[in-house]
Amino acid sequence: MNTTLRTAGPEDHAAIRRVHLEAFPTAAEADLVERLRRDGDAAVELVADHDGAAIGHVMLSAMQAPFPALGLGPVGVLAAHRGQGVAERLIRNALRRAREGGWRAVFVLGDPAYYRRFGFRAEHAAGFECAWSGPCLMALPLEGTMPATRGRIDYAPAFADLS
């Protein structure tokens with residue numbers, strides 16, 4: 001497999017939109033990616049490049065929190081490349097870049113069975129007030145422990161369109 005991970009650039013935007021249009025049942029996630037970019041909230045954005053074509057994408061966006069935090073998502077992979085570890089590689093690489101960038105934690109709203117493999121835990125997010133609170137809201141401390149265990153967190157304003 002000739003798949004490499006790299007920072008997304010403007011030349012990838014159309015292909016990234018195609019990835020999310022195929023990966024999700026509506027255009028909501030593709031639109032979310034574009035708005036996060038436009039609003040300046042995209043902090044880490046990577047593509048999986050297979051023989052010169054973007055086949056997967058992940059984004060981490062800035063959140064409002066009591067400490068420097070990011071929100072993970074969306075992440076998408078073209079159907080023909082699923083089940084090959086592409087999403088996992090994208091997520092792990094994005095988390096590494098967040099850690100290197102001085103961010104303290106990453107939050108995700110998703111399937112606990114999937115995201116636990118990366119270290120995300122609902123109990124890390126349980127003390128935070130958020131429009132998305134519940135068992136599917138999880139957090140991953142990037143320096144071993146959560147820098148705070150209570151407070152208000154909010155995803156970037158673009159996420160409000162998903163509710």
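Two strands count as paired if DSSP finds at least two bridges between them. Keep that in mind on this tour of a predicted model.

**Stop 1: the β2–β3 hairpin**

Select residues 42–50, strand β2, and residues 53–62, strand β3. They pair in the antiparallel sense, over eight bridges. For one point of register, pick Val44: opposite it in β3 stands Leu60. Now go to the turn. Two residues separate β2 and β3 in this hairpin. One to click is Asp51, which has a positive phi of about 50°.

**Stop 2: across to β1**

Stay on β2 and add residues 3–7, strand β1. β1 and β2 run antiparallel, joined by five bridges. Select Thr7, then its bridge partner in β2, Leu46. While the strands are on screen, look at the side chains: in a regular strand they alternate between the two faces of the sheet.

**Stop 3: the aromatic pairs**

Switch to the rings. The structure holds eight aromatic pairs. Among them is Phe107 with Phe128, an edge-to-face pair. The ring centres are 5.6 Å apart, and the planes make an angle of 85°. Phe107 belongs to strand β5 and Phe128 to strand β6 (residues 128–129), so this pair ties together parts that are 21 residues apart in sequence.

Are these two rings buried or exposed? Phe107 is buried, with a relative accessible area of 0%. Phe128 is buried as well, at 4%; the cut-off for buried is under 20%.

Next, select Tyr114, Tyr115, Phe118 and Phe120. These four form one aromatic cluster.

**Stop 4: the largest pocket**

Centre the view on Leu72, Gly73, Pro74, Leu109 and Phe159. Of the 14 residues that line the largest pocket, these lie nearest its centre. Elements that give two or more residues to this lining are α2, β4 (69–77) and β5 (105–109). Which element gives the most? β4 does, with four residues. The space in the pocket is about 260 Å³. Colour the lining by residue class: twelve residues are nonpolar, one is polar and one is charged.

**Stop 5: the cavity**

Finish with the helices. Select His13, Ile16, Arg17, His20, Ala30, Val33, Glu34 and Arg37, the lining of the largest cavity. The elements that give two or more residues to that lining are α1 (13–23) and α2 (28–39). The cavity holds about 30 Å³ of space. The count of cavities of 30 Å³ or more comes to one. Colour this lining by class too: three residues are nonpolar, two polar and three charged.

Technical notes: Residues numbered from 1 in each chain as written. Predicted model: local features only at pLDDT ≥ 70, side-chain atom pairs only at ≥ 80, totals over all residues. Heavy atoms only, no water. 1 Å grid on protein atoms, 1.4 Å probe; cavity = no way out; pocket = protein on both sides within 12 Å on 5 of 7 lines; lining within 4 Å. Points joined across faces, edges and corners; volume = space filled by probe spheres on them. Nonpolar A, V, L, I, M, F, W, Y, C, P; charged D, E, K, R; others polar. Phe/Tyr/Trp six-rings, centres within 6.5 Å; stacked < 30°, edge-to-face > 60°. Buried < 20%, exposed > 50% of the residue type's maximum accessible area, 1.4 Å probe, protein only.
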